[in-house]
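Here is a short briefing to read alongside the structure. Please keep the 3D view open as you go through the points.

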Amino acid sequence: HWVKAYEQAVRSAEQTLYSTRKGFQAGTRGNLDILNAEQNLATAKRDLNRGRYQYVLARLKWLALVGRLDDENMAHFNAWLQGGKAVMSAETVADGA
């Protein structure tokens with residue numbers, strides 16, 4: 001889903017920052033380039049967190065509407081938001097996990 005796109009954007013921004021720092025060490029990049037790369041990484045992380053929040057909120061509302069919101073689902077989503085491995089996909093939720 002689209003949260004994966006945000007995750008990829010963070011990985012890309014991290015790689016760009018790494019490359020920019022290497023360029024600075026080699027003398028081909030300046031401090032402003034590093035600051036811009038750091039800003040882009042912070043923006044990508046912010047967008048990822050917003051995306052995760054919006055996804056979870058939408059899924060929780062859907063589960064509540066169909067009468068399937070329970071403690072187990074809340075625990076899965078909570079762990080996912082905190083970066084844990086208990087990721088519950090839309091398919092898992094739809095299948096009645």
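The notes below go through a helix, its surface, the aromatic rings and the charged pairs.

This is a predicted model. Much of the story runs through helix H2, which covers residues 31-65. Arg-52 is a good residue to keep in view: this buried side chain has a salt-bridge partner in Glu-7 and also lies over the face of Trp-80.

**Helix H2 and its end**

- Helix H2 has 35 residues, and at 1.5 Å a residue it should span 51 Å; the C-alpha atoms at its ends are 51 Å apart, so the expected span and the model agree.
- Buried positions recur along H2, among them Ile-34, Ala-37, Leu-41, Ala-44 and Leu-48.
- The buried set of H2 also includes Gly-51, Arg-52, Tyr-55, Val-56, Arg-59, Leu-60 and Leu-63.
- After H2 comes Gly-67, with a positive phi near 75°.

**A nonpolar patch on the surface**

- Trp-62, Leu-65 and Val-66 together make a nonpolar surface patch of about 310 Å².
- Leu-65 belongs to helix H2, and its relative accessible area of 75% is over the 50% cut-off, so Leu-65 counts as exposed.
- Trp-62 has a charged neighbour as well: the charged end of Arg-59 sits over its ring, 4.8 Å from the centre.

**Aromatic rings**

- The model has three aromatic pairs.
- In one of them, the ring centres of Trp-2 and Tyr-6 are 6.0 Å apart and the planes stand at 85°, so this pair is edge-to-face.
- Trp-2 and Tyr-6 are four residues apart in helix H1 (residues 2-26), which means that about one helical turn separates them.
- Both of these residues are partly exposed: Trp-2 has a relative accessibility of 41%, and Tyr-6 has 30%.
- Ring pairs also join Tyr-55, Phe-77 and Trp-80 into a cluster.
- Within that cluster, Tyr-55 is one of the buried residues of H2, while Trp-80 has Arg-52 over its face, at 5.8 Å from the ring centre.

**Salt bridges**

- There are three salt bridges in the structure.
- One is formed by the side chains of Arg-52 and Glu-7, at 3.4 Å from N to O.
- That pair links distant parts of the chain, since Arg-52 is in helix H2 and Glu-7 is in helix H1, 45 residues apart.
- Arg-52 has a relative accessible area of 16%, so it falls in the buried class.
- Another salt bridge joins Glu-38 and Arg-21, whose closest N and O atoms are 2.9 Å apart.
- Here too distant parts of the chain are linked, with Glu-38 in helix H2 and Arg-21 in helix H1, 17 residues apart.
- Glu-38 is partly exposed at 31% relative accessible area, and Arg-21 is partly exposed at 40%.
- Arg-46 and Asp-47 also meet through their side chains in a salt bridge, at 2.8 Å from N to O.
- Arg-46 has a relative accessible area of 41% and is partly exposed; Asp-47, at 25%, is partly exposed too.

**A view to try**

- Which residue lies over the face of Trp-80? Arg-52 does, at 5.8 Å from the ring centre, and following its side chain also brings you to Glu-7, its salt-bridge partner.

Methods. Residues are numbered from 1 along each chain as its sequence is written. This is a predicted model: local features need pLDDT of at least 70, side-chain atom pairs count only at pLDDT 80 or more; totals for chains, interfaces and linings use all residues. Side-chain values use heavy atoms; hydrogens and water are left out. Helices (H or I, at least four residues) and strands (E, at least two) are DSSP runs, numbered from the N terminus. The expected span of a helix is 1.5 Å times one less than its number of residues. Buried means under 20% relative accessible area, exposed over 50%, partly exposed in between (1.4 Å probe, protein chains only). Patches are made of residues with over 30% relative accessible area and no salt bridge: like charges are joined within 9 Å, nonpolar side chains (Val, Leu, Ile, Met, Phe, Trp, Tyr) within 5 Å. Accessible areas come from the Shrake-Rupley method with a 1.4 Å probe; for residues, only the protein chains shown count as cover. A salt bridge is a side-chain nitrogen of Lys or Arg within 4 Å of a carboxyl oxygen of Asp or Glu. Rings of Phe, Tyr and Trp (its six-membered ring) pair if their centres lie within 6.5 Å; planes under 30 degrees apart count as stacked, over 60 as edge-to-face and the rest as tilted. A charge sits over a ring if NZ of Lys or CZ of Arg is within 6 Å of the ring centre and within 35 degrees of the ring normal.
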